[in-house]
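Subject: Structure for you to look at

Hi,

Here is the structure I promised to send over. Could you open it and keep it on screen while you read the rest?

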Amino acid sequence: MPVDVLVIGAGVVGTAVARELSLLDVSVAVIERWHDVGEETSKANSGVTNCGWSLKPGSLEGQLVSASYPQWPQLTTDLGVEWRKVGITMLAFTDKEVEALPAWVERADRNGNEALLLEGDEIFEYAPHASPSTKMAVHIPEEAVVDSVRLTVAYGEQASLNGVRFYFCQPAVSAEHVDGVVSEVSTPHHTFRPRFIVNAAGLGADDVSRILGGEDFAVTPRRGQWALLDREFGSRVPGILTGVPGPLGHGPMVLPTAHGSVLLGPTAEDQGDKLDRTTDEANLNEVLARCTQMMPAIDMRFVTKRFAGVRANSDPTYRIGWSGSAGNVVHVAGIRSTGVSASPGIAQYVRDLLVEQGLSSTPKSDPVRVLDYRKPLWSGLDCAGAAADPLGRTVICACEKVTAGDIHQALSEPLPATSIIGVARRTHATWGRCQGSACLSGVSFITSMYTGHDPWEIPYHEPGSQIGVGATDD
């Protein structure tokens, strides 16, 4: 199967690259070892679109995050993805933390971001939910949040509409080489003959590099544990609260999401197992205590879920560039915490690297640039508008206000859901306060109508994870 560019990995970075390349007159394929887009780091990140204020000035990470930020309003409008500015306030509780704040104001200024040094009542004008014990604070008004789960899906769907072919449950298992370049890449079911390869495999980027004959580097999985509070509590959190960053990053945050809920976390735990997403009470409770210090009014009765994500850390971070030993491979590895924030800029940077080496820069004639999504009921409570569609009259998930029409869309999109989690990723159904106890039967029944399975046979997650064990007796 000849192809101009083979992208390995369908997380937020891989799908962003595929989307960007889909606007050119080239052939692109994406292979992904899991059953859907966004199945590793991208499904459990903060959803922050960093404006670049906290990043090292002049670093590649800072450049790509800063290049991405101005694109978000138009990009998310075109993709039908929720995005909103909420601002972030860094709180200092000790004299040592207070002493560190001017340096962060200076860094923000060097990165072209407004940063306000606050004390006294000024703090609560910008962050009314912050702790009264705060001694001083820095407020950055441009910080924003995006529905990052839906963003990854939308990147992939726009790419698919523009001709990119996606192959799920298809990990790279071997490669052939001719004269220092990769001539073939094989999965369990296909063999590709690519001109260029983009290694955007996230947690597996080091393994993929070895398969391709590239550099030997290590990706260290860093686990982040979170608690999710529902939208009823979300109205009490107008902006992000964070502490003074430490050696492992920002540390815990009180974080309003684009969807109206609230995240508390994350932890930052380096570990050996790339697939370990377990939660442990001791570490998470320590983080939650820090969040409660920043916002004493946190009410843990609103917690609907505790979960963990694993992000890819490497030395160096932001390993973006040509392989030194596999001449047609571009590595996009070690993106760690800012994959969402930098994804538009990374995609354009990778495109330019490929074009410089001979990939056609001819634009595709009349590509799809705007996705036609129905506006979710929760975002405006337009009941009359929803009811105008016969499928919009039936609410399946009451917690998240997801209609049968929303689920129909998730199952008939260019990259349709094939599991309960796939439906949830596209609609948030089963992700509300009841965590699916009231709506799972409805979601599985509708899904069965599209997949040809009985409802009990629908995978909850990866293939083989059916939600039932068999049909009941009449």
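Below is what turned up, grouped by topic.

Before anything else, please bear in mind that this is a predicted model.

**Salt bridges**

The model has 27 salt bridges, and a few of them deserve a look. Start with Glu39 and Arg425, whose closest N and O atoms are 2.5 Å apart. That pair links distant parts of the chain: Glu39 sits in the loop between strand S2 (28-31) and strand S3 (48-49), while Arg425 belongs to helix H14 (residues 420-427), 386 residues apart. Both ends of this bridge, Glu39 and Arg425, are buried.

Helix H14 also supplies Arg426, which pairs with Glu413 from the loop between helix H13 (404-412) and H14, so this bridge ties together parts that are 13 residues apart in sequence. Here the closest N and O atoms are 3.7 Å apart. Glu413 and Arg426 are both buried. Now, which residues do salt bridges with shared partners join into one network? They are Asp36, Glu39, Lys43, Arg150, Glu157, Glu413, Arg425 and Arg426. The two bridges above therefore have their residues in one network, as Glu39, Arg425, Glu413 and Arg426 are all on that list.

Another bridge to check is Glu142 with Lys85, at 2.7 Å from N to O. Glu142 is in the loop between strand S7 (136-140) and strand S8 (144-146) and Lys85 is in strand S4 (residues 83-85), so the contact ties together parts 57 residues apart in sequence. Are these two buried or partly exposed? Glu142 counts as partly exposed because its relative accessibility is 26%, and Lys85 is partly exposed too, with a relative accessible area of 45%.

**Aromatic pairs**

There are six aromatic pairs in the structure. One of them is Phe166 with Phe168, a stacked pair at 6.0 Å centre to centre and 20° between the planes. The two rings fall on either side of the 20% cut-off for burial: Phe166 counts as buried because its relative accessibility is 14%, whereas Phe168, at 22%, is partly exposed.

Tyr167 pairs with Phe192, and this time the geometry is edge-to-face: 5.3 Å centre to centre, with 75° between the planes. It is a link between distant parts of the chain, with Tyr167 in strand S9 (residues 165-167) and Phe192 in strand S12 (residues 191-199), 25 residues apart. Tyr167 and Phe192 are both buried.

**Surface patches**

On the surface, Glu119, Asp121, Glu122 and Glu125 gather in a patch of negative charge. Helix H5 (residues 121-126) provides the largest share of that patch, three residues. Glu119 is found in strand S6 (residues 116-119) and counts as partly exposed, because its relative accessibility is 48%.

A nonpolar patch is formed by Phe445, Met449 and Tyr450, which together have about 340 Å² of accessible area on the surface. Of these, Met449 lies in helix H15 (residues 440-451). Met449 counts as exposed because it has 57% relative accessibility.

**Backbone details**

Which peptide bonds are worth checking by eye? The one from Gly265 to Pro266 is cis, with omega near 5°; Pro266 lies in the loop between strand S16 (262-265) and strand S17 (269-270). The bond from Asp315 to Pro316 is cis as well, with omega near 0°, and Pro316 is in the loop between strand S18 (303-314) and strand S19 (319-322).

The loop between S18 and S19 also holds Tyr318, which has a positive phi, near 50°, in a residue other than glycine. Tyr318 counts as buried because its relative accessibility is 7%. Lys401 likewise has a positive phi, near 55°. Lys401 lies in the loop between strand S21 (395-397) and strand S22 (402-403) and is partly exposed, with a relative accessible area of 28%.

**One for scale**

Finally, Leu6 and Phe124 are 118 residues apart along the chain, and their C-alpha atoms are separated by 50 Å. Leu6 lies in strand S1 (residues 2-8) and is buried, with a relative accessible area of 0%.

Cheers

Definitions and conventions. Residues numbered from 1 in each chain as written. Predicted model: local features only at pLDDT ≥ 70, side-chain atom pairs only at ≥ 80, totals over all residues. Heavy atoms only, no water. Patch = residues over 30% accessible without salt bridge, like charges linked within 9 Å, V, L, I, M, F, W, Y side chains within 5 Å. Areas by Shrake-Rupley, 256 points an atom, 1.4 Å probe, with all protein chains shown as cover. Salt bridge = Lys/Arg side-chain N within 4 Å of Asp/Glu carboxyl O. Lys, Arg positive; Asp, Glu negative; His and termini not counted. Charge placed at Lys NZ, Arg CZ, Asp CG, Glu CD. Helix = DSSP H or I, 4+ residues; strand = E, 2+ residues; numbered from the N terminus. Buried < 20%, exposed > 50% of the residue type's maximum accessible area, 1.4 Å probe, protein only. Phe/Tyr/Trp six-rings, centres within 6.5 Å; stacked < 30°, edge-to-face > 60°.
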